Structure formats: C-alpha cells, structure tokens
Amino acid sequence: MIYAGKSNKGRGIFAGRNFAKGEIIEKCPIIVIPAAEWEYIEKTVLYNYCFSWGKDMEDAAIALGLGSLYNHSYNPNALYINNLPQMSIEFISLKDIEEGEEITVNYNRDPDNKKPLWFEVID
C-alpha cells in the first residue's frame, strides 16, 4: 500500500507498509502521448508529470495510479522501469523502505545518474 501525502517537495508518495529491497511497489498503466503531440503537452502543467516512453524514447507517457506523483532524488530508494509490452511503468524498491517513508526515484531513470534536471533539485 502507498499513499500521496505532504512532502518537503510539495506532494509525494509514501509507503503505507514496509517494502523489501527488490519488491514491486506499484505497477501503473500508462497513457501514451505520441511524439507528434508533445508540442501541445510541453505548454501545460502535464509536462512535469510525463515519462519518456517507447522503444527509442520518442514518445511520452502519463502514469496512472500514483505513478506520476513520485518525487525525484539523486539518492532514491526506488526506481522505475518502462514495461513496453504491458503498457505500464513499474516502481521497484532499491532498498528496504519503512512504513511512512517517502518513496523517491531518479528522474534520469538510472538511480546513479546525477545529470541536471529542468528544475532545481531539493535533495
């Protein structure tokens, strides 16, 4: 179980129970935004909630469930994987996560990637 709550980054996703390292936290179905439609999305608030999507990452996706609400961290306790055949994004714990702890992912996909993002990172 997970839930949305208040975070030092605004709103975030929190563990409603303990998660063991390697455990699937959430599987989120997605809505694909074709590359040809991206110019319309990047002018909206949805821009900040999209994931790169597709074989060549040419499209974008909105994760349903709580998937588009996980906060970024350069020291994440979870990661996300695009599951193209199932049209979903899976969030998996990188370490044991305690009940009440905020669940974060690195928006750069690779948990060790420290590349700057389009916003100032609070970490």
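# Briefing: sheet, buried glutamates and loop residues

With a relative accessibility of 39%, Met87 counts as partly exposed, because that class covers values that are neither under 20% nor over 50%. The model described here is predicted. An open, antiparallel sheet of five strands is one of its features, and a β1-β2 hairpin is another. Two glutamates, Glu90 and Glu26, are buried without a salt bridge.

**The five-stranded sheet**

- Strands β4, β5, β3, β8 and β7 follow one another in that order across the open sheet, with antiparallel pairing.
- The edge positions belong to β4 (50-53) and β7 (78-83); each has a single partner strand, so one side of each lacks a neighbour in the sheet.
- From one strand to the next, the twist averages 35°.
- At the β4 edge, four bridges connect β4 with β5 (residues 59-63), and the two strands run antiparallel.
- Within this pairing, Cys50 has Ile62 of β5 as its bridge partner.
- Strands of a sheet are held in pairs by backbone hydrogen bonds, in either a parallel or an antiparallel arrangement.

**The β1-β2 hairpin**

- Strand β1 (residues 2-7) pairs with strand β2 (residues 10-15) in the antiparallel sense, and six bridges link them.
- Two residues form the hairpin connection from β1 to β2.
- Tyr3 is matched with Phe14 of β2 as its bridge partner.

**Glu90, a buried glutamate in β8**

- Glu90 lies in strand β8 (residues 88-93).
- Glu90 has no salt bridge although it is buried, and the nearest oppositely charged side chain, that of Lys27, is 4.3 Å away. That distance does not qualify as a salt bridge, because the nitrogen and the carboxyl oxygen must be within 4 Å.
- The side chain of Glu90 makes a polar contact of 2.9 Å with the side chain of Asn83.
- Leaving aside residues up to four places away in sequence, Glu90 touches Ile24, Glu26, Lys27, Leu79, Tyr80, Ile81 and Asn83.

**Glu26, a buried glutamate in β3**

- Glu26 belongs to strand β3 (residues 24-33).
- Glu26 is likewise buried without a salt bridge; Arg17, the nearest side chain of opposite charge, is 11 Å away.
- The side chains of Glu26 and Tyr70 share a polar contact of 2.8 Å.
- A polar atom of the Glu26 side chain also lies 2.9 Å from the backbone nitrogen of Leu66.
- Beyond residues up to four places away in sequence, the contacts of Glu26 include Ile2, Leu64, Gly65, Gly67, Ile89 and Phe91. Glu90 is also among them.

**The salt bridge**

- One salt bridge is found in a search of the whole structure.
- Arg17 and Glu23 form a salt bridge, with their closest N and O atoms 2.6 Å apart.
- Arg17 is partly exposed, at 32% relative accessibility.
- Glu23 is also partly exposed, at 24% relative accessibility.

**Positive phi values in two loops**

- Most residues other than glycine have a negative phi.
- Met57 has a positive phi, near 60°, and is placed in the loop between β4 and β5.
- Met57 is partly exposed, with a relative accessible area of 33%.
- Met87 also has a positive phi, near 55°, and is placed in the loop between β7 and β8.

Note on methods:
Residues are numbered from 1 along each chain as its sequence is written. This is a predicted model: local features need pLDDT of at least 70, side-chain atom pairs count only at pLDDT 80 or more; totals for chains, interfaces and linings use all residues. Side-chain values use heavy atoms; hydrogens and water are left out. Two strands pair if DSSP finds at least two bridges between them. Axes are lines fitted to C-alpha atoms, for helices over the stretch in contact, and angles run from 0 to 180 degrees between N-to-C directions. Buried means under 20% relative accessible area, exposed over 50%, partly exposed in between (1.4 Å probe, protein chains only). Lys and Arg count as positive and Asp and Glu as negative; His and the chain ends are not counted. A polar contact is a pair of N or O atoms within 3.5 Å; within protein, one must be able to donate a hydrogen and the other to accept it, and residues adjacent in sequence count only if both atoms are side-chain atoms. Contact means heavy atoms within 4.5 Å.
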